Every structure is written in structure tokens, then in C-alpha cells.
2 protein chains.
Amino acid sequence: MQLLSSQISGYLERASWIRKMFEEGAKLKAEFGADKVYDFSLGNPDLPPPAAVGKGLAELAKVADKPFALGYMPNAGYDDARAKLAEHLGKEQGVALAAGDLILTCGAAGGLNAFLRAVLEPGEEVLAPAPFFVEYGFYTENHGGVFKTVRAKELTFDLDLDALAAAIGPKTRVVLVNSPNNPTGAVYSQAQMAGLVEILQKKTAEYGRPVFLVADEPYRFLVFDGVQVPALLPLYEYAVVVSSFSKNLSLAGERLGFVAVAPQMPDKARLMAGLILTNRILGFVNAPAVGQKLMAAALGSSVDVAVYDARRKAMAEVLDAGGYEYSMPKGAFYFFPKAPGGDDVAFVNKLKEQRVLAVPGTGFGFPGYFRLTFCVDETIIRASADGFKKANGR
Amino acid sequence: MQLLSSQISGYLERASWIRKMFEEGAKLKAEFGADKVYDFSLGNPDLPPPAAVGKGLAELAKVADKPFALGYMPNAGYDDARAKLAEHLGKEQGVALAAGDLILTCGAAGGLNAFLRAVLEPGEEVLAPAPFFVEYGFYTENHGGVFKTVRAKELTFDLDLDALAAAIGPKTRVVLVNSPNNPTGAVYSQAQMAGLVEILQKKTAEYGRPVFLVADEPYRFLVFDGVQVPALLPLYEYAVVVSSFSKNLSLAGERLGFVAVAPQMPDKARLMAGLILTNRILGFVNAPAVGQKLMAAALGSSVDVAVYDARRKAMAEVLDAGGYEYSMPKGAFYFFPKAPGGDDVAFVNKLKEQRVLAVPGTGFGFPGYFRLTFCVDETIIRASADGFKKANGR
């Protein structure tokens, strides 16, 4: 008998590429030993959490025998944790942000789901530049939406503003950007974002209802060579920032993130009430209590970005020596090189013969490229050089 | 401009009774002082977590500087936490349960949403006895389902099996029971559950597809007078148990729960794969890491049930002295007495004049009754006696 809905059955059939690579990797590691497999397939932050996280846990242990120590709280999160984050984020974004302008969520993934549940009418569209984070399509369809994409420019992965403008119609409710970007490492410039906002303002006026600009930016802290990630909240009255502490505090498993709205948004109290409701009824209820307390204790600290930068440079040397074409990532911990020969799935298989694990760009809606994650020790990156050369016939 | 979807806008209009009482309560407390308001409206467990929770936090603090200490894990949860819970739950339910038969979730609320997302086709029905936990309707509609109810029997709140049988049709995908029950404190007997299972087996055979029996049982540990909560996993091959550690470990804010399926379910691996997927794509990704570790450390311990029992008896005395008609709760921390005069909303307002806060049964789909929570100190319960008398004209 059929246990699952037909939609979820369908999802299972097209299991993710990342998962496939994970399983292939486990097989290879069992066969050759973990140190002989160069696994660049998973984006699991491997740096230890900053010291403030351990200290926060120790402090919490001291009061855990008090009533309500880890009990219910307002669905939007602890008042003091929200206030602290609002102050921090307000400085980062250059706006006056109040605790009431944000809610704490179960990671950025939980925040995106709560937001889409709150705003999407059935059949409305979420538009994102491709390549895109693989889960966006699921998040959209969870809430009756339709996920559409517009291909970014070759190699630089800059936004194609003309194509985006052409793709936005009366059903477009959200434009979703991820910068610094997974899988490309691109950071959209101030000029690109200003151009996009101009389009959204026009469309919002034309259709008489807001086209939200949602920025998913868990990698904001992780940029290189002095690059700046543009602040979107001051740029657009219908801007929404979603993020998490999975990467900067290495808290990925504890699931702590937030949704913050432009403080100048007309009628924003209504949107916040909706978000608080959807955060509750989707079953999150509130962001995890311990995560909130750890975030408040560790806010402003971060894993060591210099380690990621050294790995980035090592990976660039490896790719240069192997004769690959790529854009140097400006942020996040991903390279997205061109697949030699053009067929990314075939090329990723060639890499696998060298025990190098990557994810084909097809999995991110952008065939012809492949993704490499540098969440791994620099020695592993350097040791993979030979494999990268051989896979490219050198 | 309209920011929210029309459905979510509609939800906001019919704000919950519990929330209304919460706001009224805050007003009264500001006016008369917190100790002069007898607030029985909220089910927020007020007993401190067992000592194992604080110990677990202290242990975790020692290893928080290790890479991946709080990093990603399998979407179903830590392997060892799942295995430990499977062993514990297997004993409780009297079945051989493996780690793969359950997933850890973001509370029972997250578990219910993940389950409904996995199994519901658009327009399919979730059927529950009324009165019911107020969020069930939202959880169902989140995933395109239709929520239907069948009124339980007067005063005892026993299941009306004939009415349930009549209400189950080809679109019924889930029968959802909550025992020990919020808001009534009822515990469905072994005979009632066996009767319900017999109906579900017939309907499943008749329609050629499973009607799941989902038991939401976060209050299983909290029963009085030696009452037993029947184990459902051995009773029915399409039984699913959802629960949390919010009440027995006072961990409500940290959001830790689970979904466990009958180990004899045909093709259960398919359902588990679907659950793991929906837990991921709804944005939970995985249950909070710290909560999982605390659950594993504290499994088998519990807040002091004797405290709740003493409060239950105190509340019964107060109600007896006030001349109320009610069933003595067999479990959970709720009374659900008849509203004198029959109009529950009017009567709850009378109670409020005495600074006694309750929630009308209308909010739980069962007019004519009202809910009292005994998550409050026994002295407050006893001090409310006069108010209860006066509200009932004594």
C-alpha cells in the first residue's frame, strides 16, 4: 500500500546529488581509507565553535535546575536574545533595528519556510538566480508555491538583471538571493543589488503588491580580499534578511537562525505577526532555547576566517595546476569551476576515479560546472592536486 | 499592500483563546499584582528539569571546542541518541524497536508536521476526537489537508467509536488521538483503543490504503491512580507514536521530540525515508543537537509526578467546594469541567471577574466546558477557591 503522498514519493525518486556523493564517498573511504579520499562534496563546517559557545553552555548548566530554565518562551524567541541580535544586526546593516523587527528561527531553513508559509498564495512564484541552493525548490513547494530560476552569467555568476526583470510577473511574490553564494562563492555587488531593487520597486508599484527581496546570507561573515556584502535592509522597504549561526559559530546542528525585515516596511507589524504565527504552526514553536542562549553569549565572535582563506588559496593553486577555469570565490567556502569537456556529471565521475569527490552543477540547476567545498583540512586539499591533474588529462 | 497570504491573514483574525487569556492575564496581573491572579490558562511546565539535564549541559560544555561538536548530523538525528531512545521506547511499548524505526524531531509539533507533510495528498483528511489540541487544525492545513472532528462522549470524554467509524471515509488518511489528553486529562482505555484499531483495520482493507493511527502522547509519563496508557505500536501495523520531552524533562523550549512507527509496518523503510526527507525540507533539518544530547543523558528520568498529583487533588477539592461537575483527570495536567449555565465563554468571563483565568472549551472544539491547567503552585490553586465559589454563585 502507498504510504507516502505522491509528491513526496516523487521527491525521493530524485534523491539529491549531494546525498549520492555522500554515499559514494562512504564506499570509497571504506575501500581505500578516509585519508586516501579527497572529499569536497559536503558543506559541513569543520572548525570548532568559538570559545564563547563552550562558556555559554557551562553557564547554562549552572541554572538548569531552575523552573522554566529551558521552558516555553514567546514564539519569536527570548526577548533579550532578540534585542541583542537586533542591535548587532542593525549595526551590520546600517539601520535602526528593534527586537520586534526580527524573529529567531530554527536555522535559516526554518526561517525561509516560516516566511514562505506566511506570504505565498497557492501558485505564486519564488524566483532565484541559478545556480541555487538545492533546498529552495522544496521550501517553495512545501507551501504551494512554484519555484522558477534565471540563469546567472557564465563564470562570474553575476546576476542577469535583464533576464530577472523579464521573469518577474504578477505571480512573483519573492526574489530569493543567496550571497555569498552556495555553490559559487560569488558575492553580488552593491551595484547589482541596487539594480535588482530598482526592478523590484517598479514591479511592486506596477502590480500593487510587494515583490519581496529575500536575502539568505549565512555566509555574510565569510568574505575574502576585503569584499563587502551589500546591506539590503536599508536598500528596499520589502527586503527581508534570513540567516543562521551554523557557519560563523559552527552551530549547524543546534539550528539557530533568524528572519529580519526592513524596519521601514509599511505595515510590518502585520508581517511579523504572520511570521510568529507560521513559526509556531509549522511546528518549530520557537527556535531552540539553548541555541538562542549560545547565540546571545557568542554574538560577534566567529570561527577563524583566516583558516578558510588559506584553504581557498590552496584550492586555487590546485585548480591552477590542474588547468581548470574558475572564478576565485569572494565568499563562502565553495569553488564552482567549469567542468572540462562540458558534461559535469561525466566529469565528476572522472574525479571520483581519482578518489576526488565533488558535486555536479546539475544538482544546483547549472550544468557544465561542479562544486568543491573547502570545509576540509588544507593538507587534504594539497594532497588532491594529483587527482585533479589526472582527471583533466594532465 | 497585502503582505500575508489570505489563509494566514484569516488565521490571525481568529487569534487563539489561549493567547487572548494570556493577554487578559497580563493586564490583570499588572493591575492587581501577580499573586492576586489565579492563572490556570497556560500549559507551561513549571517544574525544574531533572538533575541529569544540568549534568548533560556541563558535560557538553567540556567538548564544545571540538570540531563538529554541534555540527550537522544525519537528518534523522544522532545515531546513538536514536538507538538509546529506540531501546527505551521499545520497552515502554513492548515491541522490538530499532533506531531506524524512529526519527528525532523538533518537538512533537515538528514531528506531526513532518509526518503530515509526508503522507497527505491535497484534500485528504485528518480526523480527531473533539475536544482537541488547538494546533492540530493548523498542522493539517499546512500540508493541504482537511481537519475533521468527532465529538467525544459527554463528561467522560471517551471515544465515540460508532461516530468515528461513520466519519472515516476514503479520504481519511490519519486518525489523530492525544492521550493523556489536552484539554481533558482523559486517558483512552485499552478496550477503546482496541475498538478503534479494529475499525481502522477494516477501513484500511476496504479502501486498499492505510488509515494511520497517530498517537500524540507527550503526557504518557504523567498518569495518576495507577492508570496505564495503552501501547499502540504493538496493536496496529499502521500505528505511529509522536511525542516530546517538553513535559517529562521540562525541555519545552529546546524542542526535542520524535516520531516512531510500528516496527511491523509493511514497507516501513519507505515511510521512514519520507519522514527523514520532510523533516529536512520543512526546514527542521534535524532536531536540535543539544536537546538530543540532553535527552540521551536524561532518558528515563522525569520531573516529580507526585507534585502534579498533589495539585490535581487540590484542584479537585476547589472544584468540589465550588459545586462544579467534572471528570477527575487520569493524566496530563488539565481539568475540563462543565461550564455552569452551559455558555463556556460567558462563564470564563465570570471567572475572570474573580481574577481566575481559564480557557473556554470552544477553543478546543467543545463548547460547554472550560480548561484549567494545574502547572501552577498548589498555594495558588487553594487560594483560588473563593473565586471559583463566587463565579458559581456560592
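**Two chains and the surface between them**

Let me begin with the interface, where 73 residues of chain B are in contact with 73 residues of chain A. I should say at once that what we are looking at is a predicted model.

On the side of chain B that touches chain A, at least two residues each come from α1 (6-13), α3 (51-63), α5 (107-119), α6 (136-142), α9 (268-281) and α10 of chain B. Of these, α5(B) gives the largest share, namely eight residues. If we sort the residues on that side of chain B by character, we find 44 nonpolar, 18 polar and 11 charged.

How, then, are the two chains arranged with respect to each other? In general, two copies of a chain are related by a rotation about an axis and a shift along it. Here, a turn of 180° with a shift of 0.0 Å along the axis lays chain B on chain A, and the RMSD is 0.0 Å. The two copies are therefore related as by a two-fold rotation axis. As for which part of chain B comes nearest to that axis, the C-alpha of B:Ala58 does, at 2.7 Å from it. Both copies also use the same surface, since 99% of the contact residues of chain B recur in chain A.

I would now like to turn to one helix, α10 of chain A, which spans residues 289-298. Is this helix buried or exposed? Of its 10 residues, 10 are buried, so the helix is largely enclosed by the rest of the structure. Among those buried residues of α10(A) are A:Val290, A:Lys293, A:Leu294 and A:Met295. What do they pack against? Within chain A, the buried residues of α10(A) pack against α3 (51-63), α4 (79-93) and β2 (102-105), and from the other chain they also meet α10 (289-298) of chain B. After α10(A) comes A:Gly300, which has a positive phi, near 95°.

Finally, let me go to a sheet in chain B, an open one of three strands in the order β9-β12-β11, where the pairing is antiparallel. At its edges stand β9 (334-335) and β11 (359-360) of chain B, and because each has a single partner strand, one side of each is left without a neighbour in the sheet. Looking more carefully at one of these pairings, β11(B) joins strand β12 (residues 370-373) of chain B in the antiparallel sense over two bridges, and there B:Val359 stands opposite B:Arg371 in β12(B).

Key. Residues are numbered from 1 along each chain as its sequence is written. Chains are lettered from A and ligands numbered from 1 in the order in which they are written. This is a predicted model: local features need pLDDT of at least 70, side-chain atom pairs count only at pLDDT 80 or more; totals for chains, interfaces and linings use all residues. Copies are superposed by least squares on the C-alpha atoms of residues with pLDDT of at least 70 in both. Two residues are in contact if their C-beta atoms, placed from the backbone, lie within 7 Å. A residue is buried if 20 or more other C-beta atoms lie within 10 Å of its own, exposed if 12 or fewer, and partly exposed in between; C-beta atoms are placed from the backbone. Helices (H or I, at least four residues) and strands (E, at least two) are DSSP runs, numbered from the N terminus. Two strands pair if DSSP finds at least two bridges between them. Ala, Val, Leu, Ile, Met, Phe, Trp, Tyr, Cys and Pro count as nonpolar, Asp, Glu, Lys and Arg as charged, and the others, Gly among them, as polar.
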